[in-house]
Each structure stands twice: as structure tokens, then as C-alpha cells.
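Hi,

Here is the structure I promised to pass on to you. Have a look at it first, and then read my notes underneath.

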Amino acid sequence: MNHSFDITVIFTAYQSIGVQKYAYFTIIAALYISSVFTNVFLMLIIIWESRLHQPMYIFLFNLTCLGLIGSTALWPKVMSNLLSDKQSSSYEACLCQVFIVSVYATGTYSVLTVMAYDRYVFIINPLRYHTIMTPQKVKQLLTVSNLVPLCSVSGQVCLTAQVPLCSQNIHKFYCENISVSKLSCVTSSLYRASSLYGVSVFVLSVVFIAFFVLVSYIRIITVSVKASSDSQRKAISTCAPHLIVFVNFSMSSLFSIIYNQFVFVSEDMHMFLSFQFALVPPLLHPIIYGIKNTDIRKCLVKHVRPVVSYVTCYIKSSHKLSPNFVQQRVMSRC
């Protein structure tokens, strides 16, 4: 089959899930809507609250944006395919999905690395924190953490797009780079170049980042052990959300790699591993920060409490003005 952007990619993983697709659709819709709500709400809280206009929360805002972009590029299409009799996509749309999902994955790792650096400076040099993490420095870190994934993924997708195709069937629920590359003629030099480039990006973006974060936390733990009890509690409270998020996303990425490499696992396992990579992390990240971070928790209570009070008062007033109550008042006047 010659390479052409007129090719329609067919997702064969949907064919054997049967009536379970309705259960999958319900679960995905509930989790996706919850993910969008929690991420948007957290973003609004960061925008509204001037006390949260600090480097850590600016990076967190970027992280929630990536989560929204990654999940939105993936799950609406999956839900559409679950309810459709024909599960397919154009090759251009497939490459676009590969690009966005890959930017989500590598971008999340980049932002988590910048957040680890921010926590490192905050714990190691607390007195010089605002001197080091200036607005200009924050802009530079944000620019680098977003441009590096965009450039690296663009090179990967450009190489993949040039590979001649020999098939159109993907035994997955969505498009990702390894599966799309496997559609190509495996003997082509472009395929080998694309695979080598992908491995290089993975090693640099994942292994290096994991090593950097590990060294940062070893240094933080070393300093915290020698500090006072109050300093230790402060270090734990500020670093715990980031560490939980980083470990969670790392495990999800590991599951995704397993998912991409081992094709002959059940479709249920395929869907579960997809959840772990692109649905659960965007949902859990704002929840983890909302529960573990004191500043965000206080701001959430500040904004949620008036809403709860208003709803409670409305329900009580509606109960007092029930039809029976109104009818009794009318009869009493008569």
C-alpha cells in the first residue's frame, strides 16, 4: 500500500468488546466530565486567587492545561467510536492525535521536572527563593518546558508521516506513535529512523527527567533530615503533592509502554491501560493538589462554602414555599 493521506485508519480493538462498549462509554464519560470539571475549577481558582499567583501554582496551571488537552484529544473520539458501527479515522486526524497525546505525555514530564526544581529551590534555599524564582525565570522555565516537547514531538510525527504505509488496521482504541509506525513497511529506512528517534526522545525525556527528580528529592530529604521538626513537616507538605503526582504519572506511563509493546493482551486490559495513561492522571492531579496543598484547600473552601450555603438556603426556601404550603396560605386568607 502506497503512502497517502487519503487512507482511513481502522481501529480493530473495538470489534471484540461487544455490549461492554456501553459500560465503557458510561465510565469514560463520567471520568472525563469529572476530569474537565476539576481541572477547569482548579484553573479558575488559581486565576481568581492572587495569593496563588506564585511559581508553583503557575506551573500547576500549566500541568492542568496539558491534562485537559491530552484527555480532550483522546476520549471524545473514543466515546464516539464506542457508539459508532464503524471505528475509523482519517490518517491526518490520526497523526494529529498522535501529536497532541505525545505532547501531553512529554509536556507533563517537562512541567513535573520544572516543579521539582521549584520545590528543590524552595526547600534548599528558602531565603533566596524569590530571588532565584523571579517572574523572568518562571517565564523562561515555562517556555522551555513547553517548547522542548513541541519540538521533539514535531520531529517524531514528521518522520512518522513520511513513512510509506503497508497496512491500515490498528489494534488499539486510539492512535499513538508506535501503532501508527507499525502500519509502515518495516523494511524502510524511514521506519528505522523514526523508531531510533522515538527511542532517543524517550531516553532523554523520561530517563533523564526521572534521574533529575530522584536526585532532587534525595537532596531535599538529606537537608530535611538535618532540619527541625517544623521544617520537616513543611518540606513534606510542600513536596508530597508533587511527588505523588510524579509517581502516579510515571506508573501510568509505564503501563502505557506495556500497552504499546504487548499487542496480544485482552481488549479489557487495553482499555484499562489507556485509562491509566490519559484519563486517570488528569483527574487525579487536581484532586491530589486540592487535598494535599493547604493553600489550594483553603481557597477551595473559600469559594465552595458560599455556593453550598446558597444551595442550602434555596432548598430550604423551596421547601417552605411548597405547593401545599401555598395552598394553605390561600385557604387561610379566604
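**What I found**

Let's start with one residue: F249 has a relative accessibility of 0%, so F249 counts as buried. Keep in mind as you read that this is a predicted model.

So what is F249 doing in there? F249 sits in helix 8 (residues 229-261), while Y104 sits in helix 3 (residues 91-124), so their pairing ties together parts that are 145 residues apart in sequence. The two ring centres are 5.8 Å apart and the planes are at 90°, so Y104 and F249 pair edge-to-face. Y104 is also buried, at 2% relative accessibility. Both residues belong to one aromatic cluster, together with Y109 and F246.

Searching the whole structure turns up seven aromatic pairs. Another of them is F122 with Y129, again edge-to-face, with 5.3 Å from centre to centre and 90° between the planes. Y129 is buried too, with a relative accessible area of 4%. F122 has a further neighbour: R119 lies over the face of its ring, 4.5 Å from the ring centre.

**The bigger picture**

Now zoom out a bit. The protein has 334 residues, and 44% of them count as buried. You can pick out twelve helices and three strands. If you take the contacts between residues at least 6 apart in sequence, 81% of them join residues at least 24 apart. As for the outside, the protein exposes about 17600 Å², and 69% of that comes from carbon and sulfur atoms.

**Two helices to check with a ruler**

Helix 1 (residues 20-48) has 29 residues, so at 1.5 Å a residue it should span 42 Å; its end C-alpha atoms are 42 Å apart, which agrees. You can try the sum on helix 5 (residues 135-162) as well: its 28 residues should span 40 Å, and the end C-alpha atoms are 41 Å apart, which agrees.

Which residues of helix 1 are buried? They are K21, Y24, I28, A29, Y32, S35, T38, N39, L42, M43, I45 and I46. In helix 5, the buried residues include V138, L141, L142, S145, P149 and S152. Further along helix 5, V153, Q156, V157, T160 and A161 are buried as well.

**The cysteines**

How many disulfides does a search of the whole structure find? It finds one. C94 and C175 form it, with their sulfur atoms 1.9 Å apart. The angle about the S-S bond is -115°, and the link is left-handed. This pair joins distant parts of the chain, 81 residues apart: C94 is in helix 3, and C175 is in the loop between strand 3 (169-170) and helix 6 (177-181). Both C94 and C175 are buried.

C96, on the other hand, is in no disulfide, and the nearest cysteine sulfur, that of C94, is 9.9 Å away. C96 is partly exposed, with a relative accessible area of 42%. C158 also counts as partly exposed, at 49% relative accessibility.

If you want a place to begin in the viewer, try helix 3: Y104 lies in it, and C94 does too.

Cheers

Methods: Residues numbered from 1 in each chain as written. Predicted model: local features only at pLDDT ≥ 70, side-chain atom pairs only at ≥ 80, totals over all residues. Heavy atoms only, no water. Helix = DSSP H or I, 4+ residues; strand = E, 2+ residues; numbered from the N terminus. Buried < 20%, exposed > 50% of the residue type's maximum accessible area, 1.4 Å probe, protein only. Contact = heavy atoms within 4.5 Å. Areas by Shrake-Rupley, 256 points an atom, 1.4 Å probe, with all protein chains shown as cover. Phe/Tyr/Trp six-rings, centres within 6.5 Å; stacked < 30°, edge-to-face > 60°. Lys NZ or Arg CZ within 6 Å of the ring centre and 35° of its normal. Expected span 1.5 Å × (residues − 1). Disulfide = S-S within 2.5 Å.
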